[in-house]
Amino acid sequence: MKEWQPKILAILCNWCSYAGADLAGVSRMQYPPNVRVIRIPCSGRVDPLFIMKSLQTGFDGILVSG
Amino acid sequence: MQQLVKKVKEIIKNKEVDVVIGWGRGSLPFSATPIFVETEKDVEKLIFDETCRNNLTTYLTKDKRRISKEYKKIGIIVKGCDSRSVVLYTVENQIKRENVVLIGVPCNGVFEKKKLSQLVEGKEILDFQIDVDNIIIKGRNFEQTHPLKDALCDPCLTCQYPDAPEYDYFIGTPRKDVNVPDAYKMINDFGEKSAEERWAYIQEEYSKCIRCYACRNICPSCYCPECFVDQNDPQWIGKTPEVTDSIIFHLIRNLHVAGRCVDCGACVSACPVDLDLRIMSKKVEKEIKERFDYTAGTDINEKPAMASYCENEKQDFIMG
Amino acid sequence: MSLKSRSVMVVGAGIAGIQASLDLAEMGLDVHLVEESATIGGRMPQLDKTFPTNDCSMCILAPKMSECARHPNITIHIKSSVAEVTGNPGDFTAKIVEHAKYVDPVKCVACGLCEEKCPVKVDDEFDMGLRKRGAISRSFLQSIPSEYTIDEERCLYLTKGVCRICEKVCPAGAINYEDKDIEIELNVGSVILASGIDTFNPIGFGHFGYKRYPNVVTSLDFERMLSASGPFGGHVVRASDNIEPKSIAFIQCVGSRDESIDHNYCSSACCMFAIKEAIIAKEHMKGLDSSIFYMDIRAFGKDFDKYYEKAKGQYGVQFIKSKVSEIRELENGSLSLRHVLENGKIEFTEFDMVVLSVGLQPRENITKLAKKLDIKLNEFGFCRSDTFEPLKTSREGIYVCGAMNGPRDIPESVTTASGAVAEAVKYLRLDRQEIIEKKIPEKDIVGDRPRVGTFVCHCGINIAGVVDVKDVAEYAKDLPNVEHSEDLMYACSQDCMNTIKQRIEEHDLNRIVIAACTPRTHEPLFRDMVSEAGLNPYLFEMANIRDQCSWAHMNEPELATEKSKDLMNMGVAKARELAPLERLPIEINPKALVIGAGLAGMTAAEALADAGHEVFLIEKEAELGGNLRNIYFAFDKDPQELLAEKIKNVTKNKLIQLYKSTQIEKIDGYVGNFITTLKTEKDEQTLEHGIVIIATGAEEHKTKEYLYGKSSRIITQVEFEEMLHTQQFPKQKMKNIVMIQCVGSREEDKMYCSRVCCTKAVKNALTFKKRFPNINIYVAYRDIRTYGFREKYYTELRDLGTMFVHYDLDKKPEVTLVEEWNPDSQLNVTVFDPIIDKEIEVKADLLVLATAIDAKKENIDLGRMLKVSLNTDGMFLEAHVKLRPVDFATDGVFVAGLAHTPKDMDESMTQAKAAASRALTFLNKKAILAEGTICEVNDNRCTGCGYCEQICAYNAIEVDLEKEIAIVNEALCKGCGACVASCRCGALDLRGFSNEQLFSAFDALDMVDILGD
């Protein structure tokens, strides 16, 4: 059995945080691969339902960043 | 009461309105029924007392207005919470304020039928009488006296707006300086509990939901032509009474009425499985009040809390 | 008729050069952007944050950089320098030398292997030597172009003929040691210079020990230390012992306001720069003591004083008005500052670290460049320009912007850049641009089953070195609706893109998913490709498996492969739901409306008319000129001459229609299609126009302080200036004049600097002093803010023996009439003088108050009509305080002059030209395309509640009260989707990021068991 890992969803604004996630890659900053990113045009686009839906889907944590 | 009848007669006679929506006596002793008064003669049918539970302003929403389309100008009798709904409808472009004449009445609270029934252990009630702070309930072979507050709806017990904040005519004496106990005590108490306890409670409570949507259907703030739960593109949530879906339904419904709920308690009365609905709605109300200093339906000139932004808003939910 | 060309050259690709290039390119002109270094961006990428908003510098710059790089009308020449410019305006021949890069930019994929293996390690200039770089390198991670270049002076092979390691490790075969310099000849109509500025090098300066004491750094060094992407990852430590400092001192005016080094000017930006660093440092390090040693805090820009106050109050930054004379290093590496307090006392204070706020100075090579271009420099070595022609060099057809002709901060550099463009177009041919028609007809896919093609990019070894790309491609084959899947070496290479187009044809694909790098850089390219294959460009989706996967999980290849599959799955799921989107054309009316005919309004109108556009110039008053009518002196120039000339120009220009004594009643419409109703005493009239420039000005503050109005001897600076002009001085003999600064400025309810009053006081005092050398002038001031070259006049005035007395807000001067009821009785001014540490009393024969500049009340109504915002002081609030200083969030509306914030005449004119230039980027197009990803309303679901309308930052959605539903204005919608999230009814949706599409992506994640547990 592997150690339990939280499943994280990141909902990122295209203009800042998504760019930040790109920059992390460009800088070869290493972080655990248990995060999935969804790109949105603005954090204002996030309907609270997206968050609940993701939690229901089985994600353990949601990062909304923008 | 006589004053109310007199005023309604007057505005109908003056053709100030085409109709007055108010309450009449229902077929059961503890019930009032909505009535549409168009003639001076019918005015006598109007009543106003603790049985006038329903928020009649839902007749003003676009959807329901179809029934009453022929009326150009509508008079409506409003308690505090009803009046707040009218403010909401005005702010949200659902009605034009000038097309509605509000007749405000001071409200002492309204009965919660479920509570009355509990008080007399389900026995049939034939009559009642109010004696200052007590209620005398009469039935076949019994007569009981109970404190009045035990028979009132929960929201009435902490109501801060018993007098219509928005009205054209106010009938009776305003109850202005009502002393209300802390409206958020139950929320604060609940907040004291551990996350596990709270989650267990919510899960257990909301697993009872049968997804009948009575809460939504009766809610004066729920007037969408097609509720998100009924939509299929996208299908926002599962439609069966699966507990996570039910919780999401209630959470989202509460977000949809955030800064819009007037705490009339209609949902509580309508719920066939007695869900603790206000544990969510009051929490949202409290947050809105604390964060944005906003109380739904109390100021017709104020922008809705959830549709405005101000730079010094609390942003403690943002990291870093 | 002068010669005109369609090409233009911009020299220097910092923020000013980038802005100028973008403006010119948007007008349809061919731009050659010539940059000496290997990347565009200039100074801004080095900065961590920007004042006064603390925006991340790179985050706000990067979109502009990539827009510049992608623009079809801009050719970027990196590592290039100008050799000469010959010919005449409208027909210049510019010779430029493109230096050898030794790396083929077409082949280089910027994977970075070469630098990693390069045996040479030298100080990295970008990181101020705090990090090492290879001889093959790029300036910084987000550099544009992203390709590497070889530093020929450092490369072992190029200098000594040995090594060639980079050639061996390069997976793309991009290294070319045979590369040569090439000379290019450009035929251009005009030239814009934006070659920027250097920071003062404090090595050996004063007794500060820079480079001798490891814990003394410059403000730019410190900026790199603070930067999260900098060499220390944002963790500030002392170079001497790697320990986080507990106290930091900032020393201002290092290399500024210093006659001993011929820098008798103020660098204008360093005060704010230091305040910002002090704040950010405090945010980084809890409990840090940041102290700023200064002469005057020059927070004269828009909203700067609020930032200064925030630093003092909320952040507890210490401000010490004291000159530091010497720094000594202590044994523990800390530093002891010897400094002189206001009262002359000498103190020694210890700090863990010292930051020298270095001033700005001309670029080292400016003399050489000036010679090549045949332009003159001013007394300080900056490019010379005239007070009233601040954007022109001494050579006709060559213009200047940015900090090259004087120290400037970012927003002012951007403003001058756009302003210079308005000048440069004089010799350029502006033809109104058509929308370019699509060449390839689009396939109709409506009703067709989704047929998805997936392509997985190796990106050499960048992805394939970690992720099993073949496995991912294989996995995609089994996803629903996938008709074809394959892996490609470099998906963005021409031959791979041809392959993709071929596959679209072969398999009749109607949705494309490419798993590769980031859509932020490559989506436009791939969309074009999809378009060329006959599909709607919006039928394309990317899965970012490089930047956000292989590069971030290099040590976990299996999990990275799993993640790639998930991302692919999400991409396919979203792609299935994609629909073709159309970009609707919005016609642009070529006429312009300018509101206000003061200096800014007239200048803007003139610039637009010169570019061939009809202008409606509206003035509320019966006379033109606004505040300029009350200004009589400008050191070396006559403002009244300027006024006369401007009035003549706008009056005689046939393209300008003047409306005097006219009010704006109503403005409807949107960019390209505004309809304005004008009202005069007699009638009403409507105008149609494409853009609006707000130049409504501001007004003088009406004060009741300091007994103003109680005696004819108490006047404002404006009144004093008129007195100097008319020479109607008081009859009685004068001995003392007292001036009080900041009357109504920089106080609680008006926490802003009125910017011009210090200079105005200095100017008026000088004029007076030259006439009456024996009359004493006392100036009670809080900070003297004679920024830039204005400093020399301040020095001149001091040298003439003027008394400057510093006062604080809690010890304001007191003014008394000895006989309170008698306006002619003796006038006394008492002020506390910190230098002698006691109160002084002056019998004033004249008291001159520097009253503030107030926003106009009418701004509120105008703002409402145009749907643009005001700041808390009632001034118009631009779209972005740094990078869009004359635009608004609402397209097609621009601002110039005092309506924006207090400013001087030259600055008003520059900003007016900038506004005109920004307006031309719209007016010079016959139509613009609305975005494809915009919101739409499902009428049956909408209740018209209006939440969306209130939430939309762009005023792009409005409730039609008749129809009782919301209507999206497609011209204004920016596709952020905030309204969609606010819509309870589910009536709103965002094309391209629809609820259905996003839900589909969420659901796809549900299908895959993340991490396989």
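How many residues do chain B and chain C each bring to their contact? The contact takes 18 residues from chain B and 19 residues from chain C, where two residues are in contact if their C-beta atoms, placed from the backbone, lie within 7 Å. On the side of chain B that touches chain C there are eight nonpolar, five polar and five charged residues. Here Ala, Val, Leu, Ile, Met, Phe, Trp, Tyr, Cys and Pro count as nonpolar, Asp, Glu, Lys and Arg as charged, and the others, Gly among them, as polar.

## About the model

This is a predicted model, in which local features need pLDDT of at least 70, side-chain atom pairs count only at pLDDT 80 or more, and totals for chains, interfaces and linings use all residues. Residues are numbered from 1 along each chain as its sequence is written, while chains are lettered from A and ligands numbered from 1 in the order in which they are written.

## Chain B

Chain B has eleven helices and nine strands; these are DSSP runs, helices being H or I with at least four residues and strands E with at least two, numbered from the N terminus. Its C-alpha trace spans about 65 × 50 × 40 Å along the principal axes.

Of its 320 residues, 38% count as buried, meaning that 20 or more other C-beta atoms, placed from the backbone, lie within 10 Å of the residue's own.

## Chain A

Let's turn to chain A, with two helices and three strands in the order β-α-β-α-β from the N terminus. Buried residues make up 47% of its 66 residues.

Definitions and conventions:
Buried ≥ 20, exposed ≤ 12 C-beta atoms within 10 Å, placed from the backbone.
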